[in-house]
Amino acid sequence: MEESFTAQGKASTTTFNVIDYGAKGDGTTDDTKAFEAAWASACKVEASTMVVPSGSVYLVKPISFSGPNCGSNIIFQVDGKIIAPTSPGAWGSGLLQWLEFTKLTGITVKGKGVIDGQGSVWWSDSSTENPTEESESVSPLKDSTYESSPALVSSEATGKMPSTKPTAIRFYGSSDVTVTGITIQNSPQTHLKFDDCTAVQVFGMTVSSPSDSPNTDGIHLQNSQDVVIHNTNVACGDDCVSIQTGCSGIFIHNMNCGPGHGISIGGLGRGNTRACVSNVTIRDTTMHNTLTGVRIKTWQGGSGLVQGVMFSNIQVSEVEIPIMIDQFYCDGSKCQNKTSAVAVSGISYQNIRGTYTLKPVHFACSDSLPCTGVTLNTINLTPIQEKNHLYEPFCWQTYGELQTTTTPPINCLQIGKPSNNQVQNSNGSC
């Protein structure tokens, strides 16, 4: 532990090393208690640093680094490697996250270390109960680490991993959050989640898991405002970034995405819920070998509004569908046709260029609530001739403006506004 001196000349400790609290760092001994003890000490000191030193591997079970009574501006310095347990017994009947930071102000996770969820034991366990990419989101009211269900049998008894797959790192109810430098890899599900957070910065970090790892979103944002993500590399098996309801003031730039499913707003409105997303800018970003490029996806039956979204200077390479709005999103289960929808308005695409493998543009908007204010400027998308059948741009109930000619021509966009007043009537719901 490092000491500094107060004005009265007394020594005060500001750095708390997990080794000093008994961590072995041998990759097999359970170091959870050492991490808990180091955090308990760091929590009491404003602007303290909890250190996970380099050169060692720390096995840590699910743990919560919790406020709200901690000092502000704590640094969680990860220079070594933290690994998740792969035995079913460590997870009980199912946990929603592995490492959780909750109700903190000014929390920074940084360093040159690796946080490894060792997710392959979960990916291969193809339980029918596994939540889909859309159903795994956590209610802000559900601030418990455990999911309580009397029907769940301990996974230890079955010898299989629980059906609930954990997020690797989740920040909940925190402000002034920074994540930088680290690598998060092989999460059982989402790698990095921000839920009910404000003033978030993510930069200079890496997310990495195989392209075929199911539901392994890179960065998941929910009910969070004023988020900046930049100079970050994400390779995963699902959305590189997923922006869910309650998000506004989101700025993503200089990101490399791929493999993965692209950068998505949604799915929004599942189960007839209200969803609100506004003021999102995604720019100066590259996507390689992804399912989609920039996508907005909503479920039929929802309400609310997506508005004020700018996609600018996006370079795509071997992307199936680079530009997509899908208001008929369905995860494969039977989805009924419904008239209500999350409104989509004020969406701008500027300087989207590169290559696609299936279809350049897919705009499928609601019959009862068409997309409005969709503007396209400097779109240049060319096919890679690998597949026999490539599709033309597709538009349905999509209104807006072509500000320049496009490659290919997107003649299906309907110029102007729809004749009825439905979109204006829906705006009051946000």
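Here a colleague asks a modeller how some statements about this predicted model are reached.

Modeller: Before we start, this is a predicted model, where local features need pLDDT of at least 70, side-chain atom pairs count only at pLDDT 80 or more, and totals for chains, interfaces and linings use all residues. Residues are numbered from 1 along each chain as its sequence is written, and side-chain values use heavy atoms, with hydrogens and water left out.

Colleague: Thanks! What makes Gln244 count as buried?

Modeller: Buried means under 20% relative accessible area, exposed over 50% and partly exposed in between, with a 1.4 Å probe and protein chains only. Gln244 has 9% relative accessibility, so Gln244 counts as buried. Gln244 lies in the loop between strand E21 (241-243) and strand E22 (247-257); strands are DSSP runs of E with at least two residues, numbered from the N terminus.

Colleague: Why is the pair Gln244 and Ser242 called a polar contact?

Modeller: A polar contact is a pair of N or O atoms within 3.5 Å; within protein, one must be able to donate a hydrogen and the other to accept it, and residues adjacent in sequence count only if both atoms are side-chain atoms. The side chains of Gln244 and Ser242 are paired at 2.8 Å, so the pair qualifies.

Colleague: Ser242 is part of a bridge as well, I think. How do you know that E19 and E21 pair?

Modeller: Two strands pair if DSSP finds at least two bridges between them. E19 and E21 are joined by three bridges and run parallel, so they pair. His220 has Ser242 as its bridge partner in E21, and Ile219 has Val241. On the E16 side, E16 (residues 192-195) pairs with E19 in the parallel sense over four bridges, with Gln222 as the bridge partner of Asp195.

Colleague: What makes both faces of E19 covered?

Modeller: Ile219 and Leu221 on one side are buried, and so are His220 and Gln222 on the other.

Colleague: Which sheet holds these strands?

Modeller: An open sheet of 11 strands with parallel pairing, in the order E7-E10-E13-E16-E19-E21-E23-E25-E27-E29-E31. Its edge strands are E7 (63-66) and E31 (394-396), each pairing on one side only.

Colleague: And what makes a nonpolar core?

Modeller: A nonpolar core is a set of buried Ala, Val, Leu, Ile, Met, Phe, Trp, Tyr and Cys residues joined through side-chain atoms within 4.5 Å. The largest one has 96 residues, of which Phe35, Phe171, Phe194, Ile243 and Tyr349 touch the most other members. In soluble globular proteins, nonpolar side chains tend to be buried together.
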